[in-house]
Amino acid sequence: MIFDYYPGCTLNTKAKELDIFARKAAEKLGFELREIEDWQCCGAVYPMGADVVASKTPSVRALKASQDNGRALVTLCSACHHVLKRVNRDAAEDAEFRATLTAYDEELEYNGGTEVLHFLEVLRDKIGFDKVKAAVTNPLIGRKIGAYYGCMLLRPGAVMAFDDPESPTIIEDFIKALGATPVTYAMRNECCGGYISLAEKEMSAKMCHAVAEDAVRRGAEELITACPLCAYNVKKQAGDILPITYFTKLLAEALGLDGEEAKANA
Amino acid sequence: MLNPAFETKEILLNSRTIAEKCMKCGRCSAACPSYEQMDIRPHQFVSYLMRGDVDGLLSSTTLWKCLSCFACVQRCPRGVAPAQLIESVRLAAIRQKGGDGITVEDVVGELDDEMPQQLLVAAFRKYKG
């Protein structure tokens, strides 16, 4: 099974682990992430203004490339996933947006036909967590792990259609498939502060503390995330409370892929 | 400064949400993680726009405290998207000369080796458009 793959800017640089362990795990699980050619940065935030069109063109180009390839487009980064899924919805439903795009560049004619999937959705919906479980050679028995969803994977629920936006279970089910114990806590879908941590560290610190302290209170000993910005903020602001890693690293460890390497980098 | 009535209409149109559906329940403010740092809270922000007080909003700290986490959008029982209204006013602010929320010089002192590109790209989009 082959999926088109959009890594995004951070996965080639500061979040290489999120990328590398996903590719290795995919291979073991029998599918391939085939990076699309000449992708451009998604912009990291979805442009909400109705008159903002140019900032969406990199996403449209990627989505259209996948449509031409006849494959679903997979992302790992929460931000890329968020932006691509929402621009895809715009292309499907907003005729004015489509008209502006093609007036700007005929090659941007696109009607939202590509299926955008997060890597976790691939595991749940295309591979199946039962198959993931069957492939685990190093079950993470006894590990108490909190899923940190953050904001962008889930909201707005009507567009993201990723999971129940207020009571998600996909990452908990993923943790179970790896043999570990998921710890459910209230703050798991609250914001880490996002980009605000650039200039207002104390705001982000407060939010990250609230998340980490709630997770610990419910018994979590570590957190996993799909978002490089969540990982950065929580590590930086609340790293002394509990460690946070990418979900793909945990997956690779459970699948017996460079387990020692994964642990050493934790 | 543009004609205030015209500007309000433009801002509402550009937000792609229907502010008039607001029933002032305050759920958006209850859900907002930046509530304490905002001078005009999300539910108030909607009311300001309804009565056309754009000037008050253009100088509001709220424009630079909203995280676009979409908690208010998700939890509004009336399907209003306060984050989109804030974004629309923020766009109006940064499109004015000197209206950016941060300068490049401000950013230089805040960099560190672990900072993901995602953070910088997002911050530049939000603070400078």
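**Exercise 1.** In this predicted model, work out whether Ser15(B) is buried or exposed.

*Solution.* Start with the relative accessibility: for Ser15(B) the value is 0%. Next, bring in the cut-off, since buried means under 20% relative accessible area. Ser15(B) therefore counts as buried.

**Exercise 2.** Place Ser15(B) in its helix and list which residues Ser15(B) touches, leaving out those up to four places away in sequence.

*Solution.* First the address: Ser15(B) sits in helix H1 of chain B, which covers residues 4–15. Then go through the contacts, skipping the sequence neighbours up to four places away: you get Gln84(B), Leu85(B) and Ser88(B).

**Exercise 3.** Now hop over to chain A and lay out the order of the strands in its four-stranded open sheet.

*Solution.* Read across the sheet and you find E2-E1-E3-E4, with parallel pairing. Strand E2 (32–35) and strand E4 (116–118) of chain A each pair on one side only, which makes them the edge strands. As for twist, neighbouring strands are turned by 45° against each other on average, ignoring direction.

**Exercise 4.** Zoom in on how E3 and E4 of chain A are joined.

*Solution.* Count the bridges: three of them link strand E3 (residues 73–75) to E4(A), and the two strands run parallel. To pin down one pair, take Leu73(A), whose bridge partner in E4(A) is Val116(A).

**Exercise 5.** Find which strands of chain A helix H1 and helix H3 lie across.

*Solution.* Take helix H1 (residues 16–29) of chain A: it lies across strand E1 (2–6) and E2, running at about 130° to E2(A). Helix H3 (residues 78–93) of chain A lies across E1, E3 and E4, at about 160° to E4(A).

Note on methods:
Residues are numbered from 1 along each chain as its sequence is written. Chains are lettered from A and ligands numbered from 1 in the order in which they are written. This is a predicted model: local features need pLDDT of at least 70, side-chain atom pairs count only at pLDDT 80 or more; totals for chains, interfaces and linings use all residues. Side-chain values use heavy atoms; hydrogens and water are left out. Two strands pair if DSSP finds at least two bridges between them. Axes are lines fitted to C-alpha atoms, for helices over the stretch in contact, and angles run from 0 to 180 degrees between N-to-C directions. Contact means heavy atoms within 4.5 Å. Buried means under 20% relative accessible area, exposed over 50%, partly exposed in between (1.4 Å probe, protein chains only).
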